[in-house]
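Hi everyone, thanks for coming. I'd like to walk you through one model today, so please have a look at it before I start.

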Amino acid sequence: MISGECLKSLTLPLRYPPRSFVYFIYTAAKPIVGILISTLILVFWLGSLIFLLPIDLTERSGWWLPASILGRTFIHTGLFIVAHDAMHGNLFPSNRQINDWMGSISIRLYALLPYRKSCLSHWSHHQSPGQASDPDFHDGTHTHLLSWYVKFMGGYLNIQQNLVLVVGMSLIFHTLRLVFIFLQLICCCFGYYRSF
Ligand SMILES: [Zn+2]
């Protein structure tokens, strides 16, 4: 948890003279820095997906697979961080509509989660942290990993939404896989195939 003093120091303005170039850049970039970084994360997420999906990692040297998994995991976690900041209205404070739009895209790409429902659950987490009404609260009775996971997800999504999550993610994965296999076959037929 961030202490009050620490939080205060984080929100203090930069100590540059008001007429300096650095201060000008800081004040100009401050309102859009959140939306710029989140856009960059989305671009990296999509770019790395397009780059990695057609690659047959079994034909690559040993470090490709762990590096790809680690890299994609890192960028994918970034999607949730973007969505989280949007839930708090910090992504683009001057325009709540764009803020929520970006949050909605990010959380759906992250795990097909509904943005509004996630906002409500997350706000109740902050309103009563560590208490029974906190969806992240561990009640101590669901000690098995699977039962804890089911209870945890139940705090965020109903059964229908959980089904959409599991079935939807599987459908997207296998559809993308088939699309790329199909594209490689087309390339092979026309002699354009090359090993990436
Ligand atoms: Zn939060």
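Let me begin with a word I'll use a lot: two residues are in contact if their C-beta atoms, placed from the backbone, lie within 7 Å. With that in hand, take Met87: leaving aside neighbours within four places in sequence, Met87 is in contact with Gly103, Ser118, Cys119 and His122.

Two housekeeping points. What you see is a predicted model, where local features need pLDDT of at least 70, side-chain atom pairs count only at pLDDT 80 or more, and totals for chains, interfaces and linings use all residues. Residues are numbered from 1 along each chain as its sequence is written.

Now the overall picture. The protein has eight helices and zero strands, where helices (H or I, at least four residues) and strands (E, at least two) are DSSP runs, numbered from the N terminus. Along the sequence that reads α-α-α-α-α-α-α-α. Among contacts with a separation of 6 or more, 48% join residues 24 or more positions apart.

How much of the protein is buried? Of its 196 residues, 9% count as buried. Here, buried means that 20 or more other C-beta atoms lie within 10 Å of the residue's own, exposed means 12 or fewer, and partly exposed is in between, again with C-beta atoms placed from the backbone.

Next, helix 4 and its two partners. Two packed helices are described by the angle between their axes and the distance between the axes. The axes are lines fitted to C-alpha atoms, for helices over the stretch in contact, and the angles run from 0 to 180 degrees between N-to-C directions.

Start with helix 4 (residues 64-87) and helix 5 (residues 96-111): they pack at about 145°, with their axes 8 Å apart. Their crossing is left-handed, meaning the near helix is turned anticlockwise from the far one by less than a right angle; clockwise would be right-handed. On the helix 4 side you'll find His76, Leu79, Phe80, Val82, Ala83, Ala86 and Met87, and these meet helix 5 residues including Asn99, Met102, Gly103 and Ile107. By type, that contact divides into 10 nonpolar, four polar and one charged residue. For the record, Ala, Val, Leu, Ile, Met, Phe, Trp, Tyr, Cys and Pro count as nonpolar, Asp, Glu, Lys and Arg as charged, and the others, Gly among them, as polar.

The other partner is helix 3 (residues 33-52), which packs with helix 4 at about 145°, axes 10 Å apart. This crossing is left-handed too. Among the residues making the contact are Ser38, Phe44 and Trp45 of helix 3, and Arg72, His76, Leu79 and Asp85 of helix 4. This contact divides into seven nonpolar, seven polar and two charged residues.

So where is the largest nonpolar core, and who builds it? It has 10 residues in all: Leu79, Val82, Ala83, Ala86, Met87, Leu91, Phe92, Met102, Ile107 and Leu113. Helix 4 and helix 5 each supply at least two of them, and helix 4 gives the most, with five. A nonpolar core here is a set of buried Ala, Val, Leu, Ile, Met, Phe, Trp, Tyr and Cys residues joined through C-beta atoms within 7 Å. As background, in soluble globular proteins, nonpolar side chains tend to be buried together.

A few single residues are worth clicking on. Asp85 lies in helix 4 and counts as partly exposed because it has 19 C-beta neighbours inside 10 Å. Asp85 and Ser38 are 47 residues apart in sequence, yet 9.6 Å apart in space, C-alpha to C-alpha.

Leu57 sits in the loop between helix 3 and helix 4. Not counting residues up to four places away, Leu57 touches Trp64, Leu65 and Ser68.

Leu112 is in the loop between helix 5 and helix 6 (115-127), and its phi is near 55°, a positive value in a residue other than glycine. Most residues other than glycine have a negative phi.

Finally, helix 8 (residues 159-189). Its 31 residues should span 45 Å at 1.5 Å a residue, and its end C-alpha atoms are 45 Å apart, so the two agree; the expected span is 1.5 Å times one less than the number of residues. Helix 8 is hardly covered, with zero buried residues among its 31.

Thanks, and I'm happy to go back to any of these spots.
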